Amino acid sequence: DSKDFDREVESVCAYCGVGCQLSLKIKDDKVLYAEGIDGPANENRLCVKGRFGFDYIHHPHRLRKPLIRRDDAPPKGLNVEPDQIHTHFREATWDEALDVAANGMKGRGREVAGFGSAKCSNEEAYLFQKMIRQGFGHNNVDHCTRLCHASSVAALMENIGSGAVTATFNEIENADVAIIIGANPIENHPVAATYFKQFTKRGGKLIVMDPRGTALMRYASHMLQFKPGADVSMLNAIMHVIVEEGLYDRQYIEAMTDNWDAMKEHLKGFPPEEMSKICGIEPDVLRDVARTFADAQAGMIFWGMGVSQHIHGTDNSRCLISLALMTGHVGRPGTGLHPLRGQNNVQGASDAGLIPMFLPDMQPVTDDGVRKAFTDVWESEDFSSEKGLTVVEIMDAVHAGDIKSMYILGENPAMSDPDVDHARDALAKLDHLVVQDIFMTETANYADVILPSAAWYEKSGTVTNTNRQVQLGRAAVSPPGEAKEDWWIEVELAKRLGLGWTYTDPSEVFAEMKLNMKSFDNITWDRLQKTAVTYPSLSEDDPGQPIVFGDGFPRPEGRAKMTPASVIPPAEFPDEEYPFVLITGRQLEHWHTGSMTRRASVLDAVEPEANCSMHPKTLRALGVEPGDYIRLTTRRGSVRVMARSDRAVAEDNVFLPFAYVEAAANILTNSALDPYGKIPEFKFGAVRVEKA
Ligand code: SF4
């Protein structure tokens with residue numbers, strides 16, 4: 001009802017990588033409600049988070065003033081209750097807080113590391129990485145992609161020369177077969193899932209592969225509930241059949257790819273009959289899936305963190321890439337590779353250079369010419385050509401005494417890192433920690449200086465979704481108290497670090513980004529005021545290219561590569577002491593570490609309590625009723641959580657969502673890393689279950 005609100009502002013949803021456009025209805029500088037509008041990724045649709053999850057921005061816990069740790073504060077720890085903040089911190093002016101924040105980093109070179117945020121704009125991500133590189137001379141800057149799709153990006157860069165999707169998820173409307181593996185889009189990318197359901201309604205064949213049954217399996221022609229960690233054996237067996245039965249696209253392979261002979265030879269060692277014993281899927285099913293996908297006119301592959309978060313995450317993605325290449329399912333309508341991105345701006349933050357091995361547009365820091373192009377624009381000296389440390393490596397470096405000062409913007413490693421007690425101990429050990437956030441997060445508990453920032457709906461900037469669509473987020477309401485936009489805080493800090501930044505608006509930052517980012521060619525701030533643009537855009541009239549690489553890949557001679565992958569076991573196995581497999585993940589109503597959604601009234605009302613899911617037979621065998629409390633224990637730690645019954649969870653598995661601080665899943669998870677993508681093994685741990 002138009003009488004309900006006094007103005008409306010169009011923006012982009014604050015939550016997931018689908019990037020739904022919405023209209024925020026505002027009265028008295030408060031968001032009353034949100035409605036979907038006709039964005040390229042959502043066509044008026046919103047899920048429960050976009051529709052009802054906005055009121056965290058008005059929560060009384062919002063940080064309103066800069067805070068500095070008191071000299072007489074209790075020892076650092078996860079011990080700051082919302083009503084006892086002033087026991088630990090004192091309010092400060094912006095000038096004082098920025099001076100203290102900058103002085104704790106200034107002149108410390110390699111002792112400083114930074115975590116930027118995929119919840120900020122492209123411009124804010126760009127400024128963050130620029131500050132670390134220009135200000136401290138090295139590349140110790142990373143963000144949540146390291147815990148999300150780092151292994152997928154490593155495999156994509158290696159084999160097709162680009163880390164972004166080759167086709168938008170909407171291209172599924174032109175496909176006749178789609179594989180969705182290690183992803184639960186109905187909960188985690190709900191609006192994208194609506195397109196997947198529509199695809200099946202018009203006869204498309206959906207092949208779902210997941211150790212845990214998901215709601216999408218109701219729409220699937222094939223459901224492969226394989227054993228956790230057995231992805232490579234299953235995918236290699238499918239490709240073995242494609243080779244054995246000659247189902248591959250010889251013409252495409254010859255024209256567009258390298259390494260086919262080695263791949264064919266490698267796959268001989270993975271017959272379905274043998275691999276079935278490892279992955280738990282019948283040979284006949286593996287053969288049928290191979291034929292269905294290879295025979296399709298147009299096939300797509302979507303994947304999520306069930307694929308990426310393993311010590312063999314890069315190998316999992318290598319297999320998916322090879323499967324698409326050998327069947328010629330890349331670069332045409334209805335074909336493509338699409339790792340479904342998590343955060344609303346994880347694609348954009350990665351493109352903007354929040355990565356220790358890449359400058360913006362995934363240009364390697366090791367390349368002298370690339371660094372020079374940036375330092376010419378920045379009018380600054382060269383910085384290190386060494387790849388920086390990644391998220392988990394930075395925490396290890398804190399323990400080793402090599403990193404002593406950190407700047408953390410909008411990330412919450414005290415909840416999100418694997419083996420999180422190790423990360424919490426590292427945060428407590430730092431000499432100096434600056435946290436910039438909207439709430440007193442678990443990580444802010446350990447800060448020396450807290451800089452209160454504007455939430456997504458309180459600031460303006462560009463954002464890039466999973467589809468490579470660049471869109472403009474617009475400030476709808478004012479930040480509370482003295483909270484400021486992240487880019488403003490970054491500029492003020494940089495001035496105090498002596499970097500001479502003079503930006504007065506995000507559009508100036510965007511203009512600078514365009515100088516060294518070809519992905520933004522033909523995309524201007526003015527254009528984005530009117531419309532979203534999918535990169536690459538070939539002219540100022542081109543809305544952008546939903547499908548790329550039809551005529552070659554950004555690799556030598558335009559050819560993609562197939563990299564064989566061998567079976568690497570998980571970093572630990574269940575045994576008598578820890579007999580179950582722990583899988584962690586998300587659920588529809590909550591977002592990542594819970595700092596936003598647990599303060600969103602409707603979402604918190606729907607899912608108010610930490611829970612874990614197990615098969616009813618397993619619960620019965622343990623003498624546990626649904627609703628009882630159980631204790632989960634791994635080699636790293638232990639949590640108490642309410643048990644739920646779920647037939648979709650395999651009998652020897654436990655599924656634990658990670659949004660709840662009172663039962664933080666990452667107390668349990670293993671920090672073992674994929675050697676290529678440096679991503680931790682969140683998706684496999686050995687766990688004991690007891691009645692609590
Ligand atoms: Fe927001 Fe993602 Fe839901 Fe769209 S699908 S409304 S972007 S959370």
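The legends below accompany close-up views of a predicted model.

**View 1. The open sheet of five strands, with parallel pairing, and the helix that lies across part of it**. The strands follow the order β10-β9-β8-β12-β13, and β10 (222-224) and β13 (336-339) stand at the edges, where each has a single partner strand, so one side of each is left without a neighbour in the sheet. Averaged over neighbouring strands, and with direction ignored, the turn of one strand against the next is 15°. Strand β12 (residues 299-303) runs parallel to β13, to which four bridges join it, and Trp-303 stands opposite Pro-339 in β13. Helix α8 (residues 231-244) lies across three strands of the view, namely β8 (177-181), β9 (205-209) and β10, and its direction makes an angle of about 140° with that of β9.

**View 2. The open sheet of three strands, with antiparallel pairing**. Here the order is β19-β20-β21; β19 (461-464) and β21 are the edge strands, and because each has a single partner strand, one side of each is left without a neighbour in the sheet. The pairing of β19 with strand β20 (residues 469-473) is antiparallel and extends over four bridges, and within it Val-463 has Gln-471 of β20 as its bridge partner. Helix α4 (residues 122-136) lies across both β19 and β20, and runs at about 90° to β19.

**View 3. The largest cavity in the structure**. A search of the whole structure finds five cavities of 30 Å³ or more, and the largest of them holds about 610 Å³ of space. Its lining consists of 39 residues, and those that lie nearest the centre are Lys-119, Gln-343, Gly-410, Trp-591 and His-592. At least two lining residues come from α18 (413-416), and at least two from β17 (432-437). When the lining of the largest cavity is divided by class, 17 residues are nonpolar, 16 are polar and six are charged.

**View 4. The second largest cavity**. The space in this cavity amounts to about 330 Å³, and among the 25 residues that line it, Gly-182, Met-305, Gly-306, Thr-584 and Lys-683 are the closest to its centre. Both α13 (305-308) and β23 (580-585) supply at least two residues of the lining, with the largest share, three residues, coming from β23. By class, the lining of the second largest cavity contains eight nonpolar, twelve polar and five charged residues.

**View 5. The shell of residues around the ligand**. Cys-13, Tyr-15, Cys-16, Gly-19 and Cys-20 are among the residues of this shell, which also includes Leu-46, Cys-47, Lys-49 and Gly-50, together with Pro-190 and Val-191. Helices α1 (48-52) and α7 (190-201) each supply at least two residues of the shell. Sorted by class, the shell has eight nonpolar residues, two polar residues and one charged residue.

**View 6. Backbone geometry at Pro-536 and at Asn-259**. Most residues other than glycine have a negative phi, and most peptide bonds are trans. The peptide bond that leads from Tyr-535 to Pro-536 is cis, with omega near -5°, and Pro-536 is found in the loop between β21 (533-534) and β22 (560-561). At Asn-259, a residue other than glycine, phi has a positive value near 80°, and the residue is placed in the loop between β11 (257-258) and α10 (260-267).

Methods. Residues numbered from 1 in each chain as written. Predicted model: local features only at pLDDT ≥ 70, side-chain atom pairs only at ≥ 80, totals over all residues. Heavy atoms only, no water. Pairing = 2+ DSSP bridges. Axes fitted to C-alpha atoms, helices over the stretch in contact; angles between N-to-C directions. Contact = heavy atoms within 4.5 Å. 1 Å grid on protein atoms, 1.4 Å probe; cavity = no way out; pocket = protein on both sides within 12 Å on 5 of 7 lines; lining within 4 Å. Points joined across faces, edges and corners; volume = space filled by probe spheres on them. Nonpolar A, V, L, I, M, F, W, Y, C, P; charged D, E, K, R; others polar. Near = heavy atom within 4 Å.
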